[in-house]
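Subject: Structure handover

Hello,

Here is the structure for you to take over. My notes on the ligand site follow below.

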Amino acid sequence: MSDNLESFRRETRAWLEANCPAEMREPLKSEDDTYWGGRKAEFKSPAQKAWFEACVAKGYTVPDWPKEYGGAGLSAAETKVLREEMARINARSPLSSFGIWMLGPALLHFGTEEQKRHYLNQIARGEIRWCQGYSEPGSGSDLVSLQTFGEDKGDHWVVNGQKIWTSYADKADWIFCLVRTDKSNKYQGITFMLFDMESAGVTTKPILLISGNSPFCETFFDNVKVPKDQYVGEINRGWDVAKYLLGHEREMISANGAGADMVSAGALYAKSLGLNAAGELDDPILRAEMAKFDVDVFAFRAMGERFMDMWKTGRAHPASSNMMKYAGTELNKRRFELVMSGSGSDGLEWESEESRQGASARAWLRTKANSIEGGTSEVMLNVVAKRILDLPGA
Amino acid sequence: MPMYHTDDQAMLKDSASPFIAEAGPVAHLRSLRDSNDPTGFSRDLWKQFAEMGFTGILVPEDKGGLGLGHVEAGIVLEEIGRNLTPSPFLTTAVAAASALKAAGGAVADEWLPRIAAGDAVIALAIDESQRHRPERVALKAERSGNGFRLSGTKTFVLNGHVADMLLVAARTAGAAGEESGITLFAVPRDAAGLSADPRRLVDSSIASKLTLDGVEVTADAVVGEVDAGWSALKPLLAAARTGASAELLGVGQGAMDMTMTYLKQRKQFGRLIGEFQSLQHRAAHLYSEMEIARSCVMKAQQLLDEGNDGAELMVSVAKAKVGQTTNLAVREGVQMHGGIGMTDEYDIGLYMKRDRALAEFMGDVNYHTDRVARMNGY
Ligand SMILES: Cc1cc2nc3c(=O)[nH]c(=O)nc-3n(C[C@H](O)[C@H](O)[C@H](O)COP(=O)(O)OP(=O)(O)OC[C@H]3O[C@@H](n4cnc5c(N)ncnc54)[C@H](O)[C@@H]3O)c2cc1C
């Protein structure tokens with residue numbers, strides 16, 4: 001077993017050496033170095049294209065999905081090896097996608113064979129970019145109160161309503177969307193629909209964030225026709241799919257929190273801030289804060305590894321991704337507070353060459369959403385209290 | 001190594017957990033305390049630990065032990081922590097055993113089998129001031145004949161008044177603050193010039209201030225090499241710190257479990273207090289911290305067992321993180337119990353006391369947080 005794993009590691013290393021261009025081993029320079037795929041996608045460089053295409057051919061955009069759906073059919077242990085080997089050379093992710101992180105796992109669990117073959121292959125090859133239509137102006141944390149309505153017209157639904165905070169809705173090709181199909185049943189009156197964002201009656205309006213970017217939109221549906229076969233799971237049982245998907249979303253968000261950038265905060269600033277004669281960071285209070293943060297980071301990294309080992313082998317509590325999401329996102333927000341403190345007045349620059357157009361200030365502001373998107377920290381704590389600690393009335 | 005217990009480790013837990021709950025529950029601590037027991041722990045229970053194989057976990061098989069690792073020792077320690085069982089397990093079977101195993105030689109041949117058999121209690125005489133600063137060891141050991149003559153004082157020596165042997169860190173060369181020049185000695189309890197002044201601590205354990213007034217030992221008493229005692233002290237400290245973290249984790253888990261039970265029993269305003277969201281959120285936060293603490297303790301144990309270079313960092317991460325977390329668990333525990341949490345009759349306060357003592361042992365949260373910064377170059 002572990003012999004096989006060692007030879008898999010050697011093969012993977014050689015494959016990465018041959019296929020991952022040097023440029024794709026450098027850290028992302030900005031958010032738009034990320035490749036999201038889709039109809040409107042363009043590659044930023046030949047290296048990005050070569051890396052993406054090599055991964056698609058090998059099934060490495062979704063290494064643990066079955067081969068017939070575009071994956072490489074790797075086991076959990078092999079996927080871990082691939083992840084470790086990619087991290088070792090700082091390989092960029094070839095494809096970022098809500099299809100991979102969110103819709104894919106839901107389809108693998110709830111989809112029909114036909115849906116899996118069709119949609120999963122599209123996702124694996126980066127052909128269709130998906131967005132997530134859950135939140136509405138009146139339904140955020142209390143998502144199940146959503147009002148967007150699909151009227152049954154025999155062979156199709158006619159959908160009317162509004163979504164909000166739809167990340168990349170203006171760039172996406174298709175949407176997976178929660179739509180009420182039975183007004184008399186709160187939990188069992190929602191259908192998980194899939195439809196084309198180019199359908200007549202869909203419009204999007206970008207929202208400007210405090211980071212100065214507009215990654216998300218208000219999304220309006222005005223008599224949008226959705227064919228009756230474009231839903232996942234069962235009609236009126238979309239809430240089950242939505243919840244399952246949220247589990248994966250939280251797992252993904254927390255896995256990001258536990259990812260490669262979970263490194264010492266103090267070590268990063270030792271150079272720019274300077275060390276005193278005793279070899280200590282030249283600001284004793286900031287040093288102490290960074291040291292406390294580092295303890296939490298290294299501890300959380302151990303938690304990330306344990307969570308993954310347990311999750312992949314079915315040992316984890318099914319609600320533990322909520323705990324991971326809470327802890328990981330709160331930690332990431334703390335990191336960026338320290339980044340700002342460590343950068344001093346340089347970190348304030350918003351528009352300058354040296355600051356790469358305010359990269360750290362914008363990143364700092366962006367992290368504030370970590371504990372809101374995909375379920376707020378308070379909601380995560382509610383879920384942990386109820387489902388893991390079994391506290392009453394929660 | 002995956003970060004969950006193997007089947008064998010799970011079996012060990014399944015036997016250790018009910019055994020310690022039965023033989024060393026909180027009531028056992030209370031009875032020793034209330035009878036003002038002068039030893040501070042039960043020698044009978046120590047013998048039973050040996051019969052269960054616990055005392056030999058870290059002792060090599062050719063020395064009469066089981067030849068297992070820190071993960072296994074941690075399983076027993078967590079149960080000791082959960083039950084607040086007074087026991088010399090951490091100092092003797094974990095810390096001293098690790099130092100002797102690393103040092104080898106005649107002194108290891110003599111003491112390791114006795115540890116495994118439950119025939120020896122060993123105390124650690126390292127600290128010299130109220131703050132744990134092992135590299136600042138100053139207690140003097142001068143050459144005398146073909147042996148050494150030790151003079152100085154030690155403090156916070158748990159079980160020092162009843163130990164069969166004391167591991168004494170002394171300076172044979174160099175200056176306080178240097179790792180080299182330290183030598184570790186195995187000093188028998190009846191050595192002339194050795195006196196112990198025992199004090200009962202807040203958690204009812206008994207620690208001594210030691211005075212060594214020209215204590216003569218032979219060269220055979222040296223554990224490891226002269227002037228290079230750090231190479232035996234380093235594994236001792238790593239084992240003691242990781243072990244203390246595991247025991248502390250048990251203390252935190254025990255306090256948290258008690259508190260969760262109480263939240264589901266106590267009613268106010270016509271509702272169970274566990275229905276109040278302010279308490280739910282604090283409970284959920286505590287759970288999250290406990291899981292993270294548990295993870296880094298396991299990681300430290302695994303890295304030590306692998307002999308991985310990354311172990312030292314993770315050991316300090318673990319001691320610092322569990323220190324914070326168990327402290328949170330006992331403070332929240334007392335607060336969420338209301339008035340009853342302040343009574344001697346109720347157990348939660350005993351958890352608070354043990355937390356404080358274990359947190360101080362072998363470096364507190366601040367000491368290890370600082371060490372993490374140093375190991376990362378700032
Ligand atoms: C960057 C970003 C990207 C996003 N992307 C998407 C997307 O692609 N698709 C999508 O559908 N949505 C998306 N969202 C929306 C996100 O899921 C919601 O913002 C989130 O669920 C919170 O809802 P809300 O904004 O309405 O806040 P509210 O629910 O109004 O919450 C306001 C405050 O009240 C607290 N609160 C609410 N209920 C409780 C409770 N029961 N107990 C205690 N406190 C409570 C919350 O924690 C919060 O602090 C995104 C959000 C962000 C910030």
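The ligand in this predicted model is surrounded by 18 residues, counting a residue if one of its heavy atoms lies within 4 Å. The closest are A:Ser135, A:Ser141, A:Trp165, A:Thr376 and A:Glu378. Chains A and B both contribute residues around the ligand, so the site is shared between chains.

By type, the shell holds 5 nonpolar, 10 polar and 3 charged residues. Here Ala, Val, Leu, Ile, Met, Phe, Trp, Tyr, Cys and Pro are nonpolar, Asp, Glu, Lys and Arg are charged, and the others, Gly among them, are polar.

Next, the polar contacts (pairs of N or O atoms within 3.5 Å). The side chain of A:Ser167 has an N or O atom 2.7 Å from a ligand nitrogen. For B:Gln277, a side-chain N or O atom is 2.8 Å from a nitrogen atom of the ligand. For A:Asn382, the distance from a polar side-chain atom to a ligand nitrogen is 3.3 Å. On its own the ligand has 980 Å² of accessible area, and the protein covers 68% of that (Shrake-Rupley method, 1.4 Å probe).

Domain 2 (130-238) and domain 3 (256-388) of chain A both give residues to the shell, so the ligand lies between them. Those bounds come from an automatic or database domain assignment.

Residues are numbered from 1 along each chain as its sequence is written, with chains lettered from A and ligands numbered from 1 in written order. Local features need pLDDT of at least 70, side-chain atom pairs count only at pLDDT 80 or more, totals for chains, interfaces and linings use all residues, and side-chain values use heavy atoms, leaving out hydrogens and water.

Best wishes

Notes
Polar contact = N/O pair within 3.5 Å; in protein donor to acceptor, adjacent residues only side chain to side chain.
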